[in-house]
Amino acid sequence: MGKTKHEGPIKLPKKPDPKHWVSPVPFGLGKVKPKHIRDTMKVVLENSDNLPYAFRILTQGVCDGCALGVSGLYDQTLAGPHLCTTRLNVLRLNTMPAIKEEILHSDIDELRKLDSTELRKLGRIPYPLSRKPGEKKFRRISWDEALDSIAKKVKAIDPKQMALFLTARGITNEVYYTAGKFARFIGTNNIDNASRICHSPSKTALKRSLGIGASSCNYKDWIGTDVLIFWGSVAANNQPVSTKYMYAAKRKGTKIICINPYKEPAMEGYWVPSIAESALFGTKIADDVYQVNIGGDIAFMNGIMKHWFEMEENMPGSAIDHDFVSKHANGYEDLKAHVQKQSWDQLEKSSGITKERMLEFAEVLANSKSGVFVWSMGLTQHRFGTDNISQVANLAILRGFIGREHCGVMPIRGHSGVQGSGEMGADPFVLPGGDFEPENIERMEKVWGFDIPKWQGDIVGVSLENAVLPEDHEKKLKVFYTSGGNFLETMPDPAFMEECLSSVDLRVHQDIILNTSTLVDAQEEVIVLPAQTRYEQRGGGTSTSTERMVYFSPEIEGPRIEEARSEWEIYVDLAARIKPEEKHLLNFTEAEQIRAEIAIANPNYDGIQHLKNRGDVFQWGGAWLCEDGICPTEDGKANLLPIELPELRKPDGHFYVTTRRGKQFNSMIYSEKDPFNAADRYDVLIHPEDAKELGILEGEAIVVYNQYGTFQGKARFADTRRGNISVYWPEGNVLLQKGIYEQFAGIPEYNISVVVEKADTYNAQKDINYLEKRMDDLEQVIS
């Protein structure tokens, strides 16, 4: 791809600069902010039974938190040590002892009284477990019994009736690759990964717009770019180490802009703990915030482009990089005509942003010689997520912010393993090295030595829904094999998800801890397999960061859960039991063998076979994808795409609702209090004027509802776009409609229209006639 290589870490300035301080009061005393010192001490206490091992994990291993890619305490962006509370929070998952037997084998109803946080704290899964209908306790079984039972069931069903899923926390490329090969080896294409519910639209959109499926640039490009835009992303919360890069960018004169319905306190100011100046006085991050409506980003971006085309009429070259567009892009005239025909009234109403404010942002971008666009789930978790990302690509292409220093598009990843999941082929639409298409299927059949099923596999949400199909249906899900993950807490409509999980004949949970979904019944059996962490994996493992850095994480000496096994070894053993006559075709005995095959299967990963020592790393694709504007598309050009405004379907008096994260890692919650705004998990963030119109006081009990569910919480006033509210995830998932997936990438819809009422009003009128009337009305206006 690119010819330029990443130049390695750069140094931070040593002299303080007070103009970026949040407050002259040391350590932000009196302000709502994360308590880094307190939290660090808490982590030390939690790991006090295993401190030497915990220290080795932090100093020798590659971070199993977010995908910024910190190896030991260092990365490729900035010199000096890096450590964040996200990594510290997940540390205990690696150092915990096994669950005590008297707790593990207690009555299942007693275990079900615990939430996932309480279950997590019980400890590691020590050995294989089984529970069948009517059994009130987990029963200890041997590995042979567990794997023989799974193999027997798999051989008895149609491969279309089995599905696999892999989460992202801590899983290595070696595991993803082996799982993807295993799925095709046993004859199924129903394999999916955690990116399906976070960044699948990013890959799909970037593929069609630029021919790439990953970030086109590096974190280093943030530092010194003219403008750095965070779109639907709260990196300070979800990827805390990134605040150090933001600090460095501010010191280089970069303008940082946030686009989000809620004016995120974490992006207003942050106390970076590993930089003395910032730890003391904080760092102002965002220079400006554009508070778009939930789902209003496409309209906002069309407004920016509409201004650009008007600027071009008055002064050609004032907004569009015509040299770049003419040489390296298709579709300019079609996009221009599409945008120009849209009315300002329509764009303002949909986006929630005035024409004048859109002009301000358009001029900022037009006057910038470089820019980096960073986004996350605020853009992707919509039924039009792919279109959202193609709009971002449109902006970058029109300005020529592609394929050069301090420029690019970056879907920032929240999990350390997830970038590699699709690139390893653990995806229904992908095989290693390319898409699931005839040419790549034929190539991989030669690499693997066996036939790959030609039918299209299902995304994980559809696979789970298939569990409630009639018994004789060819796609009725009968075996669900999940490596980590908790669909009761990550998917819309938890009650329906429980129905799906309990309708499967055999569910296999390959994991390091219990969660609430592990405790759900199955028709025939639930089998739990104890997995090793990445730091225990024999021969080490690799993970791919947001910026395409492939890091080697070594096996780290320390205590072990005696019967836990490397996840790739489990797949190899199971394959041999399902197809013993062909087991030589999937017979990895060492992690090095897997890396050697990955280098052949995915040419971008040529180099992974040489990673074997702590600190080893390489970046696939070079510093910038699409370098010099040359894209890996059929004609080498980027594609400008006209994007229609989505139908937002919000009747008068209703609110858009979106979900947000507090102090948590994915669905793992570490505190009931949001450290950035002091909100509780059941607080509803609402604009004071919206609350006033409804007669709601701050802290008052309220009900948020639609025809899909009811959420009871408390009003918390917040600086959010009027007509938009936020609830915490996963608690707010009860409001979301099941079975709604983005048409191109299959991500579930995580935003919806709701009614907000005072709790006493709602409950006072809660009789049959009232409820029927209200629910009928809801179905008429938003379905």
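This is a dialogue about helix and strand packing in a predicted model.

Mentor: In this predicted model, local features need pLDDT of at least 70 and side-chain atom pairs count only at pLDDT 80 or more, while totals for chains, interfaces and linings use all residues. Residues are numbered from 1 along each chain as its sequence is written, and side-chain values use heavy atoms, with hydrogens and water left out.

Trainee: Why is α14 called roughly parallel to α20?

Mentor: The axes of α14 (residues 297-314) and α20 (residues 385-399) come within 9 Å and cross at roughly 20 degrees. Angles under 35 degrees count as roughly parallel, over 145 as roughly antiparallel, 65 to 115 as roughly perpendicular and the rest as oblique, so α14 is roughly parallel to α20.

Trainee: Which residues of α14 and α20 meet?

Mentor: With contact meaning heavy atoms within 4.5 Å, D297, I298, M301, N302, I304, M305 and W308 in α14 meet D387, N388, Q391, V392, N394, L395, L398 and R399 in α20. These residues divide into eight nonpolar, four polar and three charged.

Trainee: What makes β2 and β4 the edges of the sheet?

Mentor: The open sheet of seven strands has the order β2-β1-β17-β16-β15-β3-β4, with mixed pairing, where two strands pair if DSSP finds at least two bridges between them. Because β2 (139-140) and β4 (191-193) each have a single partner strand, one side of each is left without a neighbour in the sheet.

Trainee: How do you know that β3 pairs with β4?

Mentor: Three bridges join β3 (residues 162-166) to β4, and the two run parallel; set against the requirement of at least two bridges, those three bridges make them a pair. L166 stands opposite N193 in β4.

Notes:
Axes fitted to C-alpha atoms, helices over the stretch in contact; angles between N-to-C directions. Helix = DSSP H or I, 4+ residues; strand = E, 2+ residues; numbered from the N terminus. Nonpolar A, V, L, I, M, F, W, Y, C, P; charged D, E, K, R; others polar.
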